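This report describes one protein model together with its ligands. It begins with the ligand shells and then turns to the core, the strands, one helix and a few single residues.

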Amino acid sequence: MNDKRRRGVSRREFIKTAIVIAAASLSSKLAVDATGSSGGEGGAGKYYEFFVLEDNDDRLEYYSMLGLVIEKNGRKCVANPLLPGKCMAYTKPYEEDRFELLPPGAREDFYSRCVRCGLCYFACSYMGYHAISLVDERGGLRRMGTPVVGDVMYRPCTLCMECTKVCPTGALEEVPREEAGMGVALIDPDLCWAWNSGDCKSCAKACPFGSEVFEFTFTEWGIHTRVRPDKCTGCGLCVSACPIEGSAIHVLPRKVYEERTRNYKNTGMSYEEYLRLIQETEEKDPFKATWRTAINTDYIQNVRGFIEEKLETKKDSTYKQGETSNSSVAL
Ligand code: SF4
Ligand code: SF4
Ligand code: SF4
């Protein structure tokens, strides 16, 4: 048996066994630090929650046995096998990581141009999309009445661009839909099914630009999917398509995206470096990589939740392992 095949088989069996053991040993409801305020690694709670283990949790015993438990601020969490001393951290669910985006074509001087007339809001409602809402008094007097795309999970922007046509002050510019510029989608590779040996292209299939925006690398560890930040409009159609509860792909305003990807998950690494670390570990240390996948799969399936009906795949992919594609054929 060649080395590659042996690794692939043992990895699958390993994950399968690990999950079976975990599922069998865990009947109790799992405790998760949904507030992200504890389990804490200096400020990580702002965007992330940890895989926290409670003292009476059977899972604690299981991960302790494997030497994968660390203690942070008096709470125990599952360790990230790729990063010594760090807890596994996951992007919080959508409801806790949701942003008010400016509507399509918002100029840099949007706030000084927008007179809060609400015409874009009416145009969007008239089209039946209801993507734009107006900031209410809870947003403060200064922002009250400002149009925002505030809930892309349930009311994404379809990029019809009607709102830009009715804006009387040019606060929203009539730009091609590719330049809508509302935000950038970011995939959490630890939550994404495709990054954890699953077959999923749900987000890419929902995206109006498909593989112009998405890039796939097909590996024996799954489909490593990326969003090209320079091409993404922030419409949010991908967010609700994701089968992970709370979505593994979130749209962020560009500034937040830049901040978050600069020091991803407070690891001191950029997003790109973090992805590279995952891929290098898969190539050089399949044992560690297997644990990463097994932990994430456990978290996705048994803690966060997975909505099977949303899963979109293409089983008859024409792509071979190791091949990278951003061609539309992949969809
Ligand atoms: S482009 Fe269409 S769907 Fe999107 S915010 Fe404007 S009017 Fe609404
Ligand atoms: S990746 Fe998501 S937010 Fe970006 S253009 Fe595609 S569907 Fe819209
Ligand atoms: S839909 Fe979600 S799980 Fe599937 S590839 Fe996209 S981010 Fe990953």
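A residue is taken to be near a ligand if its C-beta atom, placed from the backbone, lies within 6 Å of that ligand. On this basis 16 residues surround ligand 1, and the closest are Cys124, Tyr129, Cys157, Cys160 and Cys163. The model is a predicted one.

**Ligand shells**

Helices H4 and H5 each supply at least two residues of the shell around ligand 1. Around ligand 2 there are 14 residues, with Cys207, Cys232, Cys235, Leu237 and Cys238 as the closest. Ligand 3 is surrounded by 15 residues, of which the closest are Cys192, Trp193, Cys200, Cys203 and Cys242. The table gives the make-up of each shell.

| Ligand | Nonpolar | Polar | Charged |
|---|---|---|---|
| Ligand 1 | 14 residues | 1 residue | 1 residue |
| Ligand 2 | 11 residues | 3 residues | no residues |
| Ligand 3 | 12 residues | 2 residues | 1 residue |

**Overall make-up and core**

The protein has 9 helices and 12 strands. It consists of 331 residues, and 40% of them count as buried. Of the contacts between residues at least 6 apart in sequence, 72% join residues at least 24 apart.

The largest nonpolar core holds 74 residues, and those with the most contacts inside it are Val78, Met88, Cys238 and Ile249. Helix H9, residues 286-304, gives this core its largest share, 5 residues. Cys238 also belongs to the closest residues around ligand 2. Which residues is Met88 in contact with, leaving aside its neighbours within four places in sequence? They are Phe50, Phe51, Cys77, Val78, Asn80, Asp190, Ile295 and Tyr299.

**Helix H9**

H9 has 19 residues, which at 1.5 Å a residue should span 27 Å; its end C-alpha atoms are 25 Å apart, in agreement with that value. Because 14 of the 19 residues of H9 are buried, this helix is largely enclosed by the rest of the structure. Gly305 follows H9 and has a positive phi, near 110°.

**Strands**

An open sheet of 3 strands runs in the order S2-S4-S3, with antiparallel pairing. Its edge strands are S2 (52-53) and S3 (69-72), each of which pairs on one side only. S3 and S4 (residues 75-78) are paired in the antiparallel sense over 4 bridges. Within this pair, Val69 stands opposite Val78 in S4. Val78 is also one of the residues with the most contacts inside the largest core, and Met88 is in contact with Val78.

Strands S9 (residues 214-219) and S10 form an antiparallel pair over 6 bridges. A hairpin of 2 residues joins S9 to S10. Phe218 stands opposite Ile223 in S10. Is strand S10 largely enclosed or largely open? Of the 6 residues of S10 (residues 222-227), 5 are buried, so the strand is largely enclosed by the rest of the structure.

Arg226 has its place in strand S10. The count of other C-beta atoms within 10 Å of Arg226 is 19, so this residue is partly exposed; a residue is buried if that count is 20 or more. Not counting residues up to four places away in sequence, Arg226 touches Ile187 and Glu215. Arg226 and Glu272 are 46 residues apart in sequence, and their C-alpha atoms are 9.9 Å apart in space.

**Positive phi outside glycine**

Two loop residues other than glycine have a positive phi. For Arg116 the value is near 60°, and for Leu159 the value is near 65°. Arg116 lies in the loop between helix H3 (110-113) and helix H4 (119-126). The loop of Leu159 runs between strand S7 (147-149) and helix H5 (162-166).

Which of these residues is buried and which is partly exposed? Leu159 has 20 other C-beta atoms within 10 Å and is therefore buried. Arg116 has 14 such atoms within 10 Å and is therefore partly exposed. The helices that border these two loops, H4 and H5, are the ones that each supply at least two residues of the shell around ligand 1.

Key:
Residues are numbered from 1 along each chain as its sequence is written. Chains are lettered from A and ligands numbered from 1 in the order in which they are written. This is a predicted model: local features need pLDDT of at least 70, side-chain atom pairs count only at pLDDT 80 or more; totals for chains, interfaces and linings use all residues. Ala, Val, Leu, Ile, Met, Phe, Trp, Tyr, Cys and Pro count as nonpolar, Asp, Glu, Lys and Arg as charged, and the others, Gly among them, as polar. A nonpolar core is a set of buried Ala, Val, Leu, Ile, Met, Phe, Trp, Tyr and Cys residues joined through C-beta atoms within 7 Å. A residue is buried if 20 or more other C-beta atoms lie within 10 Å of its own, exposed if 12 or fewer, and partly exposed in between; C-beta atoms are placed from the backbone. Two residues are in contact if their C-beta atoms, placed from the backbone, lie within 7 Å. Two strands pair if DSSP finds at least two bridges between them. The expected span of a helix is 1.5 Å times one less than its number of residues.
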